[in-house]
Amino acid sequence: MLVNKEMSNWGNFPLIRADFSEPSDRAAIKAFISDSEHLIPRGMGRCYGDSALQNHILSTLKLHCFLAFDENTGIISCQSGVTFDDILSVFVPRGWFLPVTPGTKFVTVGGALASDVHGKNHHTKGTFSDHVLSFQLITPDAKEVNCSREENELLFRLTCGGMGLTGLITTVTFKLQRIETAYIRQEQIKAKNLDEIISLFEESASYTYSMAWIDCLSKGKNMGRSIMMRGENATLAELDNGKRQNPLKTHQQGKLNVPFYFPSFMLNSLSVKIFNAFYYHKQWQKSVMSLVHYDPFYYPLDAIHNWNRIYGKNGFTQYQFVIPKENGRDGLEAIISYIGKRNMGSFLTVLKLFGNQPDNFLRFPMEGYTLAMDFKIQPKLWAFLDGMDEMVQKYGGRVYLTKDVRMRKDFLMQTYPQAKAFEQHYQSLNPDRKFSSLQSERIFKSDLI
Ligand SMILES: Cc1cc2nc3c(=O)[nH]c(=O)nc-3n(C[C@H](O)[C@H](O)[C@H](O)COP(=O)(O)OP(=O)(O)OC[C@H]3O[C@@H](n4cnc5c(N)ncnc54)[C@H](O)[C@@H]3O)c2cc1C
């Protein structure tokens, strides 16, 4: 059934009216594709900006069936609308976990592949597509195609990180990872400033998981103060007697909810400064070891439903960039001081050191430091982010498309070495731009007409 309704993604900006359909069978999918001049697939809408928005939106949430699982190898096949939440609920009790997961479990398998998401283990496990063996795609001309590294290899690579522009991913086959327990042996370490946190990342390269929360409004000798979280999957022998009763305990659904949009004035540079100071000082010791369940470790924000409403009705955006490791120290210092001078810091800014991974068309990670920050939508934001772009480009970096809502075409072309090649393939696959989003109309359209 087709519904015309207001739609936005996680940042609640932009808010548009769109024709929305949630088909459950091939015939209805193909009819929607052929009847729509321009359309984009959508999973859980957890991308922040306009990647999953268009005037026709095809939701995959009714494509939610598991198709096959091999207990010996961990190879799973499922429809693309199955969520990571569904997978964890079913497979953690059997001793299997996702190989790579973003900071929320409320994403679909199709959305994870289309954005080629990364997690806290990027430096050891790469991105989600590294664990995908094959998938099926309905292309803009309504053909159904199998894609893998052996079959339709180019389409395979274009679709991993291709932001839904190559067609609709309908099923995915990928490999889960074995776990002995549902717990992580975590070490939280305080770093007084940027030099300390950079050294900590360098010395944590052998840890499976690592990331840090960083206070982007701290200045002077405290600039870059952070708390690093690094960890390993815990073994059965490491659990205490209580946890050993149910070592493969799955997560519960969070009960907290933000029921309405906060008034926009509540979130300002003062409230961010107070929150950041509180967060940094709540840990007294230099280092704290603990055994934590995977849910708070990977998905701390999932505990509060609709937390995106704290940014108010006008919404917010996330700006995530990466700069090469060799420019990390200087680049981060320059960018953090740019943010601090303009009082534009965000809550819970996340810093991570990505591992080495070859470029693949629109894939985001490169070996280097990545910083993800949330900013509420306000008039001064756009000029501020233009300034951020200049600095990111100066230090050889780029910005993540799945968080983006305002990237310019020239910036994409200059910062992603294979963006031009992607655009050429996109043009020949999709001459009428049938699969297109508000984002692709901004970053690819002008040369096509
Ligand atoms: C709290 C939070 C934390 C996050 N943490 C991380 C993180 O640590 N690392 C990271 O990499 N990302 C992170 N993200 C971003 C998120 O993982 C990605 O945006 C992901 O793609 C969202 O999946 P989704 O199912 O909601 O897809 P949507 O948001 O619905 O769509 C995202 C893109 O995928 C395309 N798409 C969706 N389904 C299909 C399909 N079946 N076929 C073809 N294209 C499709 C859409 O067209 C769109 O371009 C985070 C997001 C949130 C809200």
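This briefing covers the nonpolar core and some backbone features of the structure above. The model is a predicted one, in which local features need pLDDT of at least 70 and side-chain atom pairs count only at pLDDT 80 or more, while totals for chains, interfaces and linings use all residues. Residues are numbered from 1 along each chain as its sequence is written.

**Nonpolar core**

- The largest nonpolar core (a set of buried Ala, Val, Leu, Ile, Met, Phe, Trp, Tyr and Cys residues joined through C-beta atoms within 7 Å) has 119 residues, and those with the most contacts inside it are Leu113, Val172, Ile197, Ala212 and Leu351.
- Leaving aside residues up to four places away in sequence, Val172 touches Cys78, Ser80, Val109, Gly110, Leu113, Val132 and Phe135, where contact means that C-beta atoms, placed from the backbone, lie within 7 Å.

**Cis peptide bond**

- Phe13 is joined to Pro14 by a cis peptide bond, with omega near 0°, and Pro14 lies in the loop between strand 1 (2-7) and strand 2 (16-21); helices (H or I, at least four residues) and strands (E, at least two) are DSSP runs, numbered from the N terminus.

**Positive phi outside glycine**

- Most residues other than glycine have a negative phi, and most peptide bonds are trans.
- Ala142, in the loop between strand 8 (132-138) and strand 9 (144-148), has a positive phi near 65°.
- Ala142 is partly exposed because 15 other C-beta atoms lie within 10 Å, given that 20 or more would make a residue buried and 12 or fewer exposed, with C-beta atoms placed from the backbone.
- Asn152, in the loop between strand 9 and helix 5 (153-159), has a positive phi of about 50°, and Asn152 is partly exposed, with 17 other C-beta atoms within 10 Å.

Methods
Contact = placed C-beta atoms within 7 Å.
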